[in-house]
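The following report covers burial, packing and surface features of one protein chain. The sequence and the structure come first.

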Amino acid sequence: MRDLVANVQAGALIAWRTLPELGSPTLVVVRLVLVPGFTALFYLAIASRGDLGDASFGDALAAACVAAGVAAAVSCATLLSFDRFEGTTEQWALADRRAASLVSIGRNAVVLALGFCSGVSSILALAAFRAVDLPDDGGAGLAVACLLVASLSGVGLGLFVGVVSATMRDSLLLVNLTELGLPVLSGAAAAITSLPAPAFWL
């Protein structure tokens, strides 16, 4: 049991020290508070056609889910790309399967937490700007569940992007395209109905 916990903690510590957005308190504030907050405000402004007074909590929750999913996906893909730069990809290939799985759980838990915190920051930012009202207890439980699902989906997408990026010469190219493309395809940068048909179905 002690080895299990130690491996999970080691994975979480590796992820925390590897991700660039966790390198300093300033970057943490920017990545986990400012970026998701402004993303959610922009998304909500588009959804409400510029009148934030007409926005519902459902709109705010959708914006927060976008922020959570994008943050988790990009952080997870970045983490896998940095494995290649730091030479740890070979260590993953040669490591004991059980230990590697536990370390991976710890790493992905950090990414999941980053996505969830980004989503919570989005909702709190919208509430601070009085764009929406915070829900009652039942609504809060639904919001937590949606943010966890969005963050978990982002982790899955990030793992896929990171694995594909590992086969490319520039492993950060696809990561950057994902970071730029997800807000567009999710409706955070433009209304989904205004996208061309292929992008709309994506």
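Ser 165 is buried, its relative accessible area being 0% in this predicted model. The residue belongs to helix α6, which spans residues 137-165. Leaving aside residues up to four places away in sequence, Ser 165 is in contact with Ser 81, Arg 84, Ser 171, Leu 174 and Val 175.

Helix α6 is part of a chain with eight helices and zero strands. In sequence order the pattern reads α-α-α-α-α-α-α-α. The chain has 202 residues, of which 37% count as buried. Among contacts with a separation of 6 or more, 78% are between residues 24 or more positions apart. The accessible area of the chain is about 11,200 Å², and carbon and sulfur atoms supply 68% of this area.

In soluble globular proteins, nonpolar side chains tend to be buried together. The largest nonpolar core of this chain holds 12 residues, including Ala 40, Tyr 43, Val 70, Leu 126 and Leu 182. Two or more residues of this core come from each of the elements α2 and α3, the latter covering residues 57-85. Helix α3 gives the most, with six residues. A second core, separate from this one, has 11 residues, among them Ala 72, Val 110, Leu 114 and Val 155.

Nonpolar side chains also occur at the surface. Val 29, Val 30, Val 33, Leu 34, Val 35 and Phe 38 make up a nonpolar surface patch, and together they have about 480 Å² of accessible area. Phe 38 is a residue of helix α2, which runs over residues 25-47. With a relative accessible area of 53%, Phe 38 counts as exposed because this value is over 50%.

The table sets out the accessibility of four residues.

| Residue | Relative accessible area | Class |
|---|---|---|
| Ser 165 | 0% | buried |
| Cys 146 | 24% | partly exposed |
| Cys 117 | 35% | partly exposed |
| Phe 38 | 53% | exposed |

How many disulfides does the chain have? The count is zero. Cys 146 is in no disulfide, and the nearest cysteine sulfur, that of Cys 65, is 5.1 Å away. A disulfide requires two cysteine sulfur atoms within 2.5 Å, so the pair Cys 146 and Cys 65 does not qualify. Cys 146 is partly exposed at 24% relative accessibility, and Cys 117 is also partly exposed, at 35%.

Definitions and conventions: Residues numbered from 1 in each chain as written. Predicted model: local features only at pLDDT ≥ 70, side-chain atom pairs only at ≥ 80, totals over all residues. Heavy atoms only, no water. Patch = residues over 30% accessible without salt bridge, like charges linked within 9 Å, V, L, I, M, F, W, Y side chains within 5 Å. Areas by Shrake-Rupley, 256 points an atom, 1.4 Å probe, with all protein chains shown as cover. Salt bridge = Lys/Arg side-chain N within 4 Å of Asp/Glu carboxyl O. Helix = DSSP H or I, 4+ residues; strand = E, 2+ residues; numbered from the N terminus. Buried < 20%, exposed > 50% of the residue type's maximum accessible area, 1.4 Å probe, protein only. Contact = heavy atoms within 4.5 Å. Core = buried A, V, L, I, M, F, W, Y, C linked by side-chain atoms within 4.5 Å.
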